[in-house]
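Could you walk me through this structure, the way you would at the bench? I'd like to start with the charged pairs and end up at the aromatic rings.

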Amino acid sequence: MGISNVIALLSGVALFLFGMTLMGDGLKKVAGNKLELVLYKLSGNPIKGVLLGTGVTAIIQSSSATSVMVVGFVNSGMMKVKQAIGIIMGAILGTSVTGWIICLSALEGGSGWVSLLSTATLTGVVAVIGIILRMFCKKQSKVHIGDILMGFAVLMFGMQAMSSSVAPLQESEAFLHMLTTFSNPILGILVGLIFTCVLQSASAAVGILQALAATGVVTFSVAFPLIMGIAIGAAMPVLLSSLGANVNGKRTAFVYLLIDVLGAVIWSVIFYGVNSVVHFGFVSATMNAVSIAFLNTLFRFATVLVLTPFIGTIEKQICKFIKDDEPAGPEQEDFARLEARLIEHPAVAIEQCRQALNNMALEAKANLEDAYYLIGNYSEKQFQFVAQREDVIDKYEDKLGSYLIKLTGKELTEQQNLDVTKFLHTIGDMERIGDHAMNIAECAKEIHEKSIVFSEGAERELKTMFAAVQEITYNAITAFTTNDLELAYRIEPLEELIDSLCDEMKLHHVDRLQRGICKLSQGFVFNDLLTNYERVADHCSNIAVAMIELESDSFDTHQYLISLKDVRSHSFDQYYEEYRKKFALPDD
């Protein structure tokens, strides 16, 4: 086997890997990015998890991709380790489907019309159809189908290139001698493991073994330990993906390795133990592409079948082996939701952003209420708590903003684009509400340190204003977190009322200053509080408008606000009067 054969083998491996990736990505896109949602929503019990893991892996043609996805789910808190174990078992089984696809390369046509059944003809037809769909269709679903067909064709060409490149090996005495050493179980497992670690793909490793089997020199005694080693080596990409993951993410990645190691130990002990007594006749039987695929599937199926009843035990042992000494706080759990691995799965990533943003909104609302409580009930401990929560809200904005920007670079559906746009519009307003809560807390600190006491009229007005601000904040955040458009439409009238209240209260306070009822030192703090309340209402209005805007293609924000403020629709008038009565200005 010369250098040209080696280069041909490597090019075949490259084509094989590229075709497998292209086909898997196309299949996933045709599924509409719903595979990820199916995985973490329907993996409630072990059997479902195994079946789902098998199905998804069979579709995307990569157990590593499925397992890395699951590590991301667990790392982000979406899924428990126990749920992940079932899916990983299914992924280990599902990856054997690729071996059966490769068996198509063994098809040979006869003469005449039977030649149409040959691999070369089939691959050529698929490639032509794929490139036509890829180049001339504008509909994305058809383009993705073209990708699937092209991926299949490239995979088959790669397999043919590998088979052709290794054909001279059947005449090589050195190669035949080397193969006999692989029949040693320990050495065979080790070689299969290292080979797969280098390739980073169990399917490619099995494909090369199937190509070697086409030479007629691979026996069962050689193939069995290699297949066990290939299974163990497939854990390498998953383990690498867990670098930087939290404790549960590392546990999940380690499960993949543990299952394959257990499978290799169990079946090698049983097989070689029984063989030492019975001496199976098929050990020296020559393998072909089909028998390699069957052995690979049988080994994985038997491993999953035996270990599935022990999922709970596996989870307990993994948790004992990799201990968690640092429980995360609620905000850390939210930040963990924004898992980088999930960027490749927009449907899931957007749902994670939604949950994190909802919690950010609740934090901002809680901080606003805690800041107001400091007025008249000041304590340094409570002030520091508000300041710490404000830092957390700032981190929410930074992490969510960065994550959403990364998502915009992915292929998103129309609805997903709308969701991302709405979230990007909203996080800034949520963060600004937190900023104004901190400003209110600082006003409370100034009131406490300077022993400022407001007049009875000023006190009543501030309480009225905060009641209105509390109402609009509650409405805005509830509307956003529950996607309640009807409630969102009620927010602008209240914001208009709050603006009116602020103007009137400032005039009242000037009058009290002139009459000597209030002092100038009180006036500065009073105006600061009103300004912050008014700004909070503005940001609540922005949140509502962003929600309404993204529900209508022809929506114009500027015209909407003009129609509310100047034209005043029936519903606006109704809501405005309702709020006016509820938050009537107190008499001095």
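A quick definition first: a residue counts as buried under 20% relative accessible area, as exposed over 50%, and as partly exposed in between. With that in hand, Glu-446 is partly exposed, because its relative accessible area is 24%. Keep in mind that you're looking at a predicted model.

So how sure is the predictor? The average pLDDT for the protein is 78, and 79% of the residues reach at least 70. Confidence peaks in helix H15, with a mean of 90, and bottoms out in helix H25 (residues 557-567), with a mean of 49. Over residues 563-568 the score is below 50, and the model gives this stretch eleven contacts beyond near neighbours in sequence. Residues 109-117 also stay under 50, with eight contacts beyond four places in sequence.

Now to the charges. Side chains of opposite charge can pair when their charged atoms come close. Searching the whole structure turns up eleven salt bridges. One of them joins Glu-446 to Lys-450, with 3.0 Å between the closest N and O atoms. Lys-450 is exposed, at 55% relative accessible area, while Glu-446 is partly exposed, as noted above.

Two other bridges sit within helices. In helix H21 (residues 456-482), Glu-456 and Arg-460 are four residues apart, or about one helical turn. Their closest N and O atoms are 3.6 Å apart in a salt bridge. Glu-456 is exposed at 63% relative accessibility, whereas Arg-460 is partly exposed at 29%. In helix H24 (residues 520-549), Arg-535 and Asp-538 are three residues apart, again about one helical turn. Here the salt bridge spans 3.7 Å from N to O, and both partners are partly exposed, Arg-535 at 36% and Asp-538 at 23%. Why does that spacing suit a pair? An α-helix has 3.6 residues a turn, so residues three or four places apart point the same way. Salt bridges can also link up into a network, as they do for Glu-351, Arg-354 and Asp-419.

Next, take a look at H15, the helix with the highest confidence. H15 has 19 residues and covers 27 Å from first to last C-alpha, close to the 27 Å expected. At its start, a side-chain oxygen of Asn-288 comes within 3.1 Å of the backbone nitrogen of Val-290. Further along the helix (residues 289-307) you'll find Thr-297, which is among the buried residues of H15, including Ile-292, Ala-293 and Phe-299. A polar atom of the Thr-297 side chain lies 3.0 Å from the backbone oxygen of Ala-293. Leaving aside residues up to four places away in sequence, Thr-297 touches Leu-93, Ser-96 and Trp-100.

Finally, the rings. The structure holds 15 aromatic pairs. Phe-271 and Phe-280 are stacked, with centres 5.4 Å apart and 20 degrees between the planes. Phe-271 is buried at 13% relative accessibility, but Phe-280 is partly exposed at 25%. Phe-271 also pairs with Phe-282, this time tilted, at 6.2 Å centre to centre and 40 degrees between the planes. That pair links distant parts of the chain: Phe-271 belongs to helix H14 (residues 247-278), and Phe-282 to the loop between H14 and H15, eleven residues apart. Phe-282 is partly exposed at 39%. These three Phe residues belong to one aromatic cluster, which also takes in Phe-220, Phe-224, Tyr-272 and Phe-299.

Notes:
Residues are numbered from 1 along each chain as its sequence is written. This is a predicted model: local features need pLDDT of at least 70, side-chain atom pairs count only at pLDDT 80 or more; totals for chains, interfaces and linings use all residues. Side-chain values use heavy atoms; hydrogens and water are left out. A salt bridge is a side-chain nitrogen of Lys or Arg within 4 Å of a carboxyl oxygen of Asp or Glu. Buried means under 20% relative accessible area, exposed over 50%, partly exposed in between (1.4 Å probe, protein chains only). A polar contact is a pair of N or O atoms within 3.5 Å; within protein, one must be able to donate a hydrogen and the other to accept it, and residues adjacent in sequence count only if both atoms are side-chain atoms. Contact means heavy atoms within 4.5 Å. The expected span of a helix is 1.5 Å times one less than its number of residues. pLDDT is the predictor's confidence in each residue, from 0 to 100. Rings of Phe, Tyr and Trp (its six-membered ring) pair if their centres lie within 6.5 Å; planes under 30 degrees apart count as stacked, over 60 as edge-to-face and the rest as tilted.
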